[in-house]
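Dear colleague,

I am passing on the structure that follows, together with notes on its salt bridges, cores and cavities. Please read the notes beside the model.

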Amino acid sequence: MLFAILLIVLIGALAYWRAPILVWTIGFAAWLAALEFGAGVAVSPIVWGVFAVIAAVLNLSPLRRAVFTGPVFGVFKKITPAMSQTEQEAINAGTVWWDRDLFSGKPDWHKLLSFPDPKLTPEEQAFLDGPTEELCKLVDDWKITHEEMDLPEEVWNFIKGNGFLGMIIKKKYGGVEFSNYAHAKVVTKIATRGGSAAVTVMVPNSLGPGELLQHYGTEAQKDYYLPRLAKGLEIPCFALTSPSAGSDAGAIPDYGYVCRGSYTDPRSGERHENVLGVRISWEKRWITLAPVATILGLAFKMYDPDHLLGDKEDIGITCALVPTEHEGVQIGRRHFPGGAAFMNGPTWGKEVFIPLEWIIGGKEYAGQGWRMLVECLSVGRCISLPAMSVASGKVATYTTGAYARIRDQFGLPIGKFEGVDEAMARIGGYTYQMEAAQDLALTGLDIGEKPSVLSAVIKYHNTERMRKTLNDAMDIHGGRAVVLGPRNYLARAYQAIPIAITVEGANILTRSMIIYGQGAIRCHPFVLREMKAAMANDAKEFDDAITGHIGFVISNVFRSLWLGLSGAKFAAAPRGGETARYYKQITRFSSAFALLSDMAMFSLGGSLKFREKLSARLGDMLSNLYIATACLKRFERDGAPKEDLAVLQWAVETSLHDIQIAMDGFLANLPNRTLAVVLRKVIFPWGQALKAPSDRIGTQVARSLMQPGGTRDRLTRGMFVSQDEQDPIGVLNPALHAVLETEPVEQKLRKLTREGKLSALTNADRLAEALGGGQISQTEFDAVTRARKLKRDVIMVDDFDKGMRHHDEALLQRHVF
């Protein structure tokens, strides 16, 4: 019995610590020897012989390939689904980073905590405090979105003249060459003032001509266009999406065929005859900045039917730069996306001839367009929409926290009602998650990574959390947020939610196909190696990969079972105290996720890519592992402030609970029911023990939003707040402070009224009566009068004439009571 127990412990220990095959061999040999010589149990020579044969097969790679992995390799090559060139380029795009650790089942916590904290240089900080602050002061979002439907000329000129369009362009070309972190913080700050202005700045610095030129452009293209783009002399747009090809961007119908032709260069006015080029036809929709663009980045499928460039007829997707003044380019009309006023519209052209030198990178890059796009996508997708989402979270936190404390009903601030309190906890917790998730990804970008999987994670989850956060903020504000007008700081962002949900990879597709579909291959320690070995017919590499993969699965079975049985209490954690248990639970769920992932691929094979609901749940597991670790990294970066502990707990416990829900849903729907039952017993031996954040924690988060303090300041840092009390956001902080400071006086007035010592009908008259009766001082009277005025300013909504053309500018001076 003792030796049987020792055998179980030996197997568990070797598997848990992922011992190599040789160590397993030595361990079993030692156990057999101890059994025979220590316990006096005769071990048959046959047993020793079988052990020796198995040990030889496992440890001698030529023999292992001949007996075991070779036959498996033959089967694997037959059942592995073919991968198109488009899929290969998407899989190979970008890099894997911290996401590989999360897929490993054994995250390296010291690696996470050693990542550098993102910081602004003095130049970047000065840009945020100077030009960005000034731009925010110029932006009147109501005027932009309701009256002019465009940025005013003054704002356009300020953006062009102060380097906002050249944040990603190198200094040698006239750009400001900011870090990705600084770029994101500039977009975030502008977005807290107005979405249309933020998008106008964001798009030229995201995936488009500037980014593509810097990576792939010819020297002549860089020297001409990049300085002009940096100075705003050229306004770029990039046209990929067409009416019939949205999420399936690789299926664009736009085409061009190689031929000889003539054209007039609109930049120089020179006429060129009988040159080699491409005649392109295209119809694109939903192209941001297209109506005002001067240079059109154009993606199309290129063909060479007459073999003017070589033997290949189907060249592939190609990207070109076409001046919008070029003959045949149709551009200038607008769409009206979600009530926003940024420039967005269609472009089209039929049989438009361009020379080969207008292809980005020249003719050598013909057919390389898809690779160029997917390689650059991971950068822009980490920055633009996640930054807009963070901005929405900050505005919702800042405004809703103050409003819920200032606004009262039934004699209480509305934020103290538990229904409102619950929604406010979500606002604070999701805002914490969004910024933490983006900041960690930006750290990766700035140390040279291009985390393509994580870019999909934060694009999807940040925009979804933005949706939830704005929904809650709108609910809490009630009628204050329903009425459009200059005083409404939420509704335009709320109206524009579907834009962020849809672009740069529609969220439904991103969740159900991209996050796990790409992550399973890129981040898994062995799957990509096995697939590449199969494609290259490399039996030796496959042997190494499949042997490691089998050990990986065995390890995760034992790790998941032990961590489940023990509640992960004995797992390693880099920190003690309140956060230690979170590191341990993430380790547990990382092992369980790795096991579920392998079992999904084992039981479903190539059909897994079509099981989108299962894939989505696996993606949810990976995403929430990342978000939870990003929150822990943020907490450490902020100095582990005790007052932030509640919001950290809410954020991490929500992610862990979401992982548990995803695992439960996955196991409930895995087609192989026997396997599902076994996996459930391994991963959840005591059932689903993790709970969502408690009501107590939620209330702590909500209260931290409703009062000045470090948590509120850290959640809203980096947003623009006007110092003008006439501004609807600028008035909130003075009103919050005034209401808190005068609360004891207001309580005294209510008590005097209940006791019959004040008998006037209105609040204003009772206040005056208390002053006249000596029950309050003049200082108290003045403070309450100011607090009530500011409170009224906060809750008032706009009204207009019957034609809805002019709002009442004297609204705040109207008083009845």
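To begin with one residue, glutamate 780 has a relative accessibility of 24% and therefore counts as partly exposed (buried is under 20% relative accessible area, exposed over 50%, and partly exposed in between, with a 1.4 Å probe and protein chains only). This is a predicted model, in which local features need pLDDT of at least 70 and side-chain atom pairs count only at pLDDT 80 or more, while totals for chains, interfaces and linings use all residues. Residues are numbered from 1 along each chain as its sequence is written, and side-chain values use heavy atoms, with hydrogens and water left out.

Glutamate 780 is paired with lysine 748 in a salt bridge whose closest N and O atoms are 3.8 Å apart (a side-chain nitrogen of Lys or Arg within 4 Å of a carboxyl oxygen of Asp or Glu). Lysine 748 belongs to helix H30 (residues 732-754) and glutamate 780 to helix H32 (residues 778-795), so that this pair links distant parts of the chain, 32 residues apart (helices are DSSP runs of H or I with at least four residues, numbered from the N terminus). Lysine 748, with a relative accessible area of 32%, is partly exposed as well.

The structure holds 38 salt bridges. In one of them, the side chains of glutamate 435 and lysine 185 meet at 3.0 Å, N to O; since glutamate 435 lies in helix H16 and lysine 185 in helix H11, the pair ties together parts that are 250 residues apart in sequence. Glutamate 435 counts as buried at 3% relative accessibility, and lysine 185 does so at 10%. Both residues belong to a network of salt bridges that also links Lys394, Asp439, Arg634, Arg637, Asp638 and Arg717. Elsewhere, arginine 267 and aspartate 265 form a salt bridge with 3.1 Å between the closest N and O atoms; arginine 267 is partly exposed at 34%, whereas aspartate 265 is buried at 8%.

Turning to the cavities, three of 30 Å³ or more are present (on a 1 Å grid over the protein atoms alone, sets of points where a 1.4 Å probe fits but cannot get out, with lining residues having an atom within 4 Å of a point; the volume is the space filled by probe spheres set on the points, which are joined across faces, edges and corners). The largest has a volume of about 60 Å³, and its lining includes Asp439, Arg634 and Arg637, three residues that also appear in the salt-bridge network. Helix H16 (418-446) and helix H25 (612-637) each give two or more residues to this lining. The second largest cavity, of about 50 Å³, is lined by residues that include Asn180, His183, Cys376 and Ile383, and the largest share of its lining, four residues, comes from H15.

The largest nonpolar core has 184 residues, with Tyr626 and Met663 making the most contacts inside it (a set of buried Ala, Val, Leu, Ile, Met, Phe, Trp, Tyr and Cys residues joined through side-chain atoms within 4.5 Å). Helix H15 (residues 369-406) gives the most to this core, with 15 residues. A second, separate core of 27 residues includes Ala245, Ala249, Cys319 and Cys376; Cys376 also lines the second largest cavity. Beyond its neighbours within four places in sequence, tyrosine 626 is in contact (heavy atoms within 4.5 Å) with residues including Trp98, Leu102, Leu440 and Ile458, and of these Leu440 also lines the largest cavity.

With best wishes

Technical notes:
On a 1 Å grid over the protein atoms alone, a cavity is a set of points where a 1.4 Å probe fits but cannot get out, and a pocket is an open set with protein on both sides within 12 Å along at least five of seven lines; lining residues have an atom within 4 Å of a point.
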